[in-house]
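Reader: I'd like a close look at one part of this protein, and then a walk outward from there to whatever surrounds it. Keep it casual, please.

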Amino acid sequence: MTELLSKEVKAEIDRWLKKYPEDQKRSALLPALRFTQEANDNWLSEDLVKAVAEYLDQPHIAAFEVATFYHMYNLKPVGRYQLNVCGSISCKLCDCKGIVDHLKQKLDINVGDTTKDGKFTLKEVGCLAACVNAPMMQINKDYHENLTPERVDSILETLE
Ligand code: FES
């Protein structure tokens, strides 16, 4: 199944494998899944997860344990923009629920869903280490902090 991984993805994985002892290939699961996801419109099919496991000489279950545990892996297709609203304690105390409710209403989707035009996917995620500026969300790789519903609206307006 490793033929599903592109030459570029394999090269990235190989680069990371050099950071770990020969018999610790499992340590490269997180970056390997990340590169694979980024090369596949930001989501991982079951076959791709298996391909990563096989490339690292690991049982399939080892890769599925990682892919299903961390929120940054998407196991179904996602929109062009992923709105990851932090739902952990600092953000909770600063009304992240209000931000999520605002996004649900504005985009007419529930958490975990993608808008019909394929533009936005809404997720609630664990702490993203920007607690001091709660509430916050990550849009693809960018952080947006000190959110209010009005600020969320102006951020979304800047996204094509
Ligand atoms: S609790 Fe939200 S970023 Fe840490």
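Which residues of helix α3 are buried?

Author: Before anything else, keep in mind that this is a predicted model. Helix α3 covers residues 46-55, and its buried residues are Leu48, Val49, Ala51, Val52 and Ala53. Look at the numbering for a moment: an α-helix has 3.6 residues a turn, so residues three or four places apart point the same way. As for what the buried residues of α3 pack against, the partners are α2 (29-38) and α4 (60-69). Past the end of α3 comes Asp57, with a positive phi, near 55°.

Let's step over to α2, then. This helix is mostly covered, with seven of its ten residues buried. The set is Leu29, Pro31, Ala32, Leu33, Phe35, Thr36 and Gln37. The cover over them includes α3 again, along with α1 (7-17) and α4.

Now zoom out to the domains. The domain assignment splits the protein into domain 1 (2-69) and domain 2 (81-157), and their C-alpha centres are 28 Å apart. What lies between them? The largest pocket does, because both domains give residues to its lining. This pocket has a volume of about 390 Å³. It is lined by 17 residues, and those closest to the pocket centre are Arg34, Gln37, Glu38, Met72 and Lys141. Two elements, α2 and β1, each give two or more residues to the lining, and α2 gives the most, with five. If you sort the lining by class, you get five nonpolar, eight polar and four charged residues. So α2 has a part in two stories here: its buried residues are covered by helices including α3, and it also contributes to the pocket wall.

Gln37, one of the buried residues of α2, leads us to Asn74. That residue sits in the loop between α4 and β1. With a relative accessible area of 4%, under the 20% cut-off, Asn74 counts as buried. Setting aside residues up to four places away in sequence, Asn74 touches Gln37, Asn42, Trp43, Leu44, Gln82 and Lys123.

From that loop you can carry on into strand β1, where you find Tyr81. Tyr81 is buried too, because its relative accessibility is 17% and the limit is 20%. Leaving out neighbours within four places in sequence, its contacts are Lys119, Phe120, Thr121, Ile139, Asn140, Leu159 and Glu160. One of those partners is a long way along the chain: Leu159 is 78 residues from Tyr81 in sequence, yet the C-alpha atoms are 8.3 Å apart.

Last stop, the nonpolar cores. The largest has 25 residues, and Leu83, Val85, Leu103, Met137 and Leu156 have the most contacts inside it. At least two residues of this core come from each of β1 (81-86), α6 (96-107), β2 (120-125), β3 (137-139) and α7 (149-157). The biggest share is from α6, with five residues. Take Met137 as an example: beyond its neighbours within four places in sequence, it contacts Leu83, Asn84, Val85, Leu103, Asp142, Tyr143, His144, Leu147 and Val152. Apart from this core lies another one, of 23 residues, including Leu5, Ala32, Phe35 and Ala67. Ala32 and Phe35 are also among the buried residues of α2, and that brings us back to the helix that α3 packs against.

Notes. Residues are numbered from 1 along each chain as its sequence is written. This is a predicted model: local features need pLDDT of at least 70, side-chain atom pairs count only at pLDDT 80 or more; totals for chains, interfaces and linings use all residues. Side-chain values use heavy atoms; hydrogens and water are left out. Buried means under 20% relative accessible area, exposed over 50%, partly exposed in between (1.4 Å probe, protein chains only). Helices (H or I, at least four residues) and strands (E, at least two) are DSSP runs, numbered from the N terminus. Contact means heavy atoms within 4.5 Å. Domain bounds come from an automatic or database domain assignment. A nonpolar core is a set of buried Ala, Val, Leu, Ile, Met, Phe, Trp, Tyr and Cys residues joined through side-chain atoms within 4.5 Å. On a 1 Å grid over the protein atoms alone, a cavity is a set of points where a 1.4 Å probe fits but cannot get out, and a pocket is an open set with protein on both sides within 12 Å along at least five of seven lines; lining residues have an atom within 4 Å of a point. Grid points are joined across faces, edges and corners, and a volume is the space filled by probe spheres set on the points. Ala, Val, Leu, Ile, Met, Phe, Trp, Tyr, Cys and Pro count as nonpolar, Asp, Glu, Lys and Arg as charged, and the others, Gly among them, as polar.
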